[in-house]
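These are my notebook entries from going through one structure, written down in the order in which I looked things up.

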Amino acid sequence: MRPPEFWKAETDGRDAALALRALLTPVSWIYAAVAAHRFRTTVSRHAQAPVICIGNLTVGGAGKTPISRAIRAKLGPHAHTLSRGYGGRAIGPLRVTPDMEAAEVGDEPLLHARDGAAWVSRDRYAGAQAAVQAGAHAIIMDDGFQNPSLAKDLCIVAVDPAYGVGNGQVFPAGPLRERLRDGLARADAIVMLHNTWSEDTPEQPDWLRGFTKPVLQAAVSPIGEAPAGPLVAFAGLARPEKFFDTLEAVGADLQETVPYPDHHPYSDDDLAWLAQLAEERGAKLITTEKDAARLSPEWRARVAVLPVAARFADEAALDALLAPILSRITAAHGEA
């Protein structure tokens, strides 16, 4: 789903957008009330290992997966990831291996499985328990901030600073998954994941005023160089333009950019059309790691990938945030 224009902070006074938002506002009150009621009435269960949740406040992507992967690298080889497996049919708990298909387990868990042990489970507590039984010393949840069934020891909220919290309203009148004040009250830290680095210290957005916990700055950093020669880029993300901007930032020769909805399942017709477009431009196809996970092995071999990682401006601040978790792991196991 592509975010509607009226979810943005500014709608330029367009009457139709404002009218639609007004019509949806009562529905958003119900959505927010249901979310709040779920937290009040659900008894969270604790896993037998520390749980770090990387979530977001809004519908759609904000960079949870690269942040999860960066944090996992700091927690050591016995850190397991846990996801719902959005877009996959597996209910779980199921341990993911890199040779599985996105249609079974979702695209993001396949990326995590390349880093080490990864699990998908609709029941997050059951997934956490399965991970612990398999030797997990810590569990990193990619998403699940709005799911109270599994108790979290550390909640880190990913935010795309260019989008922020949109118009500040709850779905469907806006992009928020819950009332902003409720989400911020549970957050232990915010990570502003920028698309490119800036030497300037960013200003605190108005919606974060009063938030006294750590606010970390990070950016998407390409791993390696873009392929030489003309390129046709495609991406099925919440905001595909972020990938296209990253390619331009590394000097890619972009001939065309083709956006798709988040988690788009590429059909043979989609890919044949993209291949024809690239041929007409004398170019090679390129996409994200996440999109490549949804391609067949045959198509994957024909498409270039630009991997990215989350790089933190202040690694010491991230280390300080994770220090209590690492201390618990060391006390229980002697090492991460």
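**Entry 1: the partners of A233.** I began with the pairing of A233, working in a predicted model, and found that T257 is its bridge partner in β10. On the β11 side I looked up A233 again and noted I286 as its bridge partner there. I then followed the β9–β10 pairing to L231, whose bridge partner in β10 is L254.

**Entry 2: strand β9 and its sheet.** I next asked how many bridges join β9 to β10. I counted seven of them, between β9 and a β10 that spans residues 253–260, and the two strands run parallel. With β11, residues 284–287, β9 also pairs in the parallel sense, here over three bridges. Putting these pairings in context, I wrote down an open sheet of four strands in the order β10-β9-β11-β12, with parallel pairing. Its edge strands are β10 and β12 (304–305), each of which pairs on one side only. I also checked how covered β9 is, and for this strand of residues 230–236 I found six of its seven residues buried.

**Entry 3: the helices on the four-stranded sheet.** Between the two strands I had started from, I traced the chain through helix α7 (residues 241–249), and I recorded β9, α7 and β10 as a right-handed β-α-β unit. Helix α7 lies across β9, β10 and β11, and I noted that it runs at about 150 degrees to β9. Helix α8, residues 268–281, lies across β9, β10 and β11 as well, and its angle to β10 is about 160 degrees.

**Entry 4: which residues of α7 are buried?** I listed K242, F243, F244, T246 and L247 as the buried residues of this helix. They pack against β8 (215–222), β9, β10, β11 and β13. After α7 comes G251, and I noted its positive phi, near 80 degrees.

**Entry 5: K242, buried or exposed?** A lysine in that list made me look again at K242, which has its place in helix α7. Its relative accessibility is 17%, and because the cut-off for buried is under 20%, K242 counts as buried. Leaving aside neighbours within four places in sequence, I found K242 in contact with D160 and N195.

**Entry 6: the nine-stranded sheet.** I then turned to an open sheet of nine strands, which I wrote down in the order β3-β4-β2-β5-β1-β6-β7-β8-β13, with mixed pairing. The edge strands are β3 (94–96) and β13 (308–312), and each pairs on one side only. From one strand to the next the twist averages 30 degrees. Within this sheet I looked up the contact of β2 (residues 79–83) with β4 (residues 118–120), and found the two strands parallel and joined by three bridges. W119 is the bridge partner of L82 in β4. Helix α4, residues 107–115, packs on the sheet and touches β2, β3, β4 and β5, and its direction makes about 160 degrees with that of β4. Helix α2, residues 64–75, lies across β1 (51–56), β2, β5 (138–142), β6 (154–159), β7 (189–194) and β13, and I recorded its angle to β5 as about 170 degrees.

**Entry 7: how many disulfides?** I applied the cut-off of 2.5 Å between cysteine sulfur atoms, and the count comes to zero. C53 is in no disulfide, and the nearest cysteine sulfur to it, that of C155, is 5.0 Å away. I looked at C155 from its own side too, and it is likewise in no disulfide, with the sulfur of C53 as its nearest at 5.0 Å. C53 counts as buried because its relative accessibility is 0%, and C155 counts as buried at 8%.

**Entry 8: the whole chain.** Last, I went over the overall figures, beginning with eleven helices and 13 strands in the protein chain. The radius of gyration is 20 Å, close to the 20 Å that the globule rule gives for 336 residues, so the chain is as compact as a globular protein of that length. Its C-alpha atoms fill a box of roughly 60 × 50 × 40 Å along the principal axes. I noted that buried residues make up 51% of the 336 residues. Of the contacts with a separation of 6 or more, 74% are between residues 24 or more positions apart.

Technical notes: Residues numbered from 1 in each chain as written. Predicted model: local features only at pLDDT ≥ 70, side-chain atom pairs only at ≥ 80, totals over all residues. Heavy atoms only, no water. Pairing = 2+ DSSP bridges. Axes fitted to C-alpha atoms, helices over the stretch in contact; angles between N-to-C directions. Contact = heavy atoms within 4.5 Å. Buried < 20%, exposed > 50% of the residue type's maximum accessible area, 1.4 Å probe, protein only. Right-handed = clockwise from strand over helix to strand, strands pointing away. Rg over C-alpha atoms; globule rule 2.2 N^0.38 Å.
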